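Please open the model in your viewer and keep the selection tool at hand. The tour below moves from one selection to the next and says what is found at each stop.

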Amino acid sequence: MKIKKAAAVFLAGALASSLMLGGCGSQINKDEIVATMGDQEISLGYAYFAARYNQVTYDNMFASYYGEGYWTNEDYADEDGRTLEESVKDAVMEEIETDLLLEQHMSEYGVEITEEEQAAMDEAAAKFMEDNSDEAVKALGATEEYVADLLYYETVSRKMTEAIGATADSNISEEECARRTFSYIQIDLGGYTDETGSYVSYTEEEADAIRESVPSIAEMAKSDFDAAAEAYSYNVSSYSYGKDEAAEADGGFSEEVIAAADSMTEGQVSDAIEADGCYYIIRLDSENDEEAAAEAREEILSDRQDEKFAEVTEAWKEESGFELDEDVWAKVHFTDVFTTVNNAGQESDGGTEEE
C-alpha cells in the first residue's frame, strides 16, 4: 500500500516520499472529541492523522532495526517507563496544543497566512488525496481537510517560531563568543574501533606498549604534529572552546586538556596529558579563532531564540485550559509499520511491508 507526498514545501519529512503500509490501521470514530481548549475542540480524526504522520518518521529510522513490535516493547521505554508509542503520542498532543496557541497569538506578532499560501496548501492537500488510493489514505487516517490543516499549522508554527525568536536578546558580547581552538591527538589506552565499527579492548600488555610509546609520540609532535599522528596511525582532530566551556559530563572536553590549552600560546604543542583513560597531545592553533567565534555567536543566538520560544509558549500553556480525554486518546495505537519508497517504487531501509 503506497502513500505519496503532498506537493508542498510546508509538509515536513514523514510524507516526503511514497509510503507502503503493513496492516490496515486502527478503526476509530473520527468525530469523537479527544481534547478541548476553551471553546476549541480537537477531533480524534485529526489527532490520529497527526500521530500517524509522526509515526512514519520513526518507522523510517527504527523499524528495520528493532522490528514491528518496537512501539510497545518495554525494552525501549524511556526513563519514565513510557513506551515509544506513549511518548510519541504525548509529544503529538503537546504539539497540537502548541499549534493552537500559536494560532491564537498570531496577531500579537504580526504573523499572517496569505491567500496565496492558503491556496497552495489547499491545492497540495487535494493533490495528496487524488494521488493516493482510498486504501492507503484510510490507513493513514487522512482526509483533504486534515492534510490542509496539518500544512496550515506547520506554516503557522514556522512563522511564529521565527517571530517569537526575533524577540530574543541578540546582544552578544565579544567575550561571550570568543573561542580558542586546538588540534589534538587522542591515544586511547582502552581499545580501538575496528573496520566493522566494533570496539576492541586492548590486552594489558598492549595497553602497556601503547603507554610506553606516548613519550616518543609527544616528542615527535613538538617538531611535526601532523606527521607524528600519521606515523603512529592516529587521527588529528580539532576543538574550539570558550570561557563558558561545559564540563565533560555535559558535553565539554576533559578538564585537564582545557587547563593545558588555557596555559598555551598559539602554535605551542603540549606534553602528553593523561585524562579519562587516554593520553592527549594538543597544539594550540588559535588564541582567538574568528571563524569559530562567528559560529559560536550563531549558536548562542539560536539557543536564546529557542529559550525565548519555550518561555513564551510555556507561559501560554499554563493558562490555556487544554484538556485531554485520556480514554479517547488511548484508542490510538501504532499497530502497523510504514515504509518509505522512492518514486521508482523501491523500498527504503525504513521498515517492512506485509502483503
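The stops that follow concern a pair of helices and then a sheet with a helix packed on it, all in a predicted model.

Begin by selecting helix H5, residues 144-165, together with helix H10, residues 290-318, whose axes come within 8 Å of each other and cross at roughly 110 degrees. Because angles of 65 to 115 degrees count as roughly perpendicular, that is the description that applies to H5 and H10.

Next, show the side chains where the two helices touch: on the H5 side these are Met-160, Thr-161, Ile-164 and Gly-165, and they meet Gln-305, Lys-308, Phe-309, Val-312 and Trp-316 of H10. Coloured by residue class, this contact divides into 5 nonpolar, 3 polar and 1 charged.

Now turn to the sheet, and select its 4 strands in the order E8-E5-E10-E9, which form an open sheet with antiparallel pairing. Strand E8 (236-241) and strand E9 (273-275) stand at the edges with a single partner strand each, so one side of each has no neighbour in the sheet. On average, neighbouring strands are turned by 40 degrees against each other when direction is ignored.

Within this sheet, isolate strand E5, residues 180-188, and E8, which pair in the antiparallel sense over 6 bridges; to find one bridge, pick Arg-180, whose bridge partner in E8 is Tyr-241.

Finally, add helix H7, residues 204-223, which packs on the sheet and touches E5 and strand E10 (278-286), its direction making about 15 degrees with that of E10.

Technical notes:
Residues are numbered from 1 along each chain as its sequence is written. This is a predicted model: local features need pLDDT of at least 70, side-chain atom pairs count only at pLDDT 80 or more; totals for chains, interfaces and linings use all residues. Side-chain values use heavy atoms; hydrogens and water are left out. Axes are lines fitted to C-alpha atoms, for helices over the stretch in contact, and angles run from 0 to 180 degrees between N-to-C directions. Angles under 35 degrees count as roughly parallel, over 145 as roughly antiparallel, 65 to 115 as roughly perpendicular and the rest as oblique. Contact means heavy atoms within 4.5 Å. Ala, Val, Leu, Ile, Met, Phe, Trp, Tyr, Cys and Pro count as nonpolar, Asp, Glu, Lys and Arg as charged, and the others, Gly among them, as polar. Two strands pair if DSSP finds at least two bridges between them.
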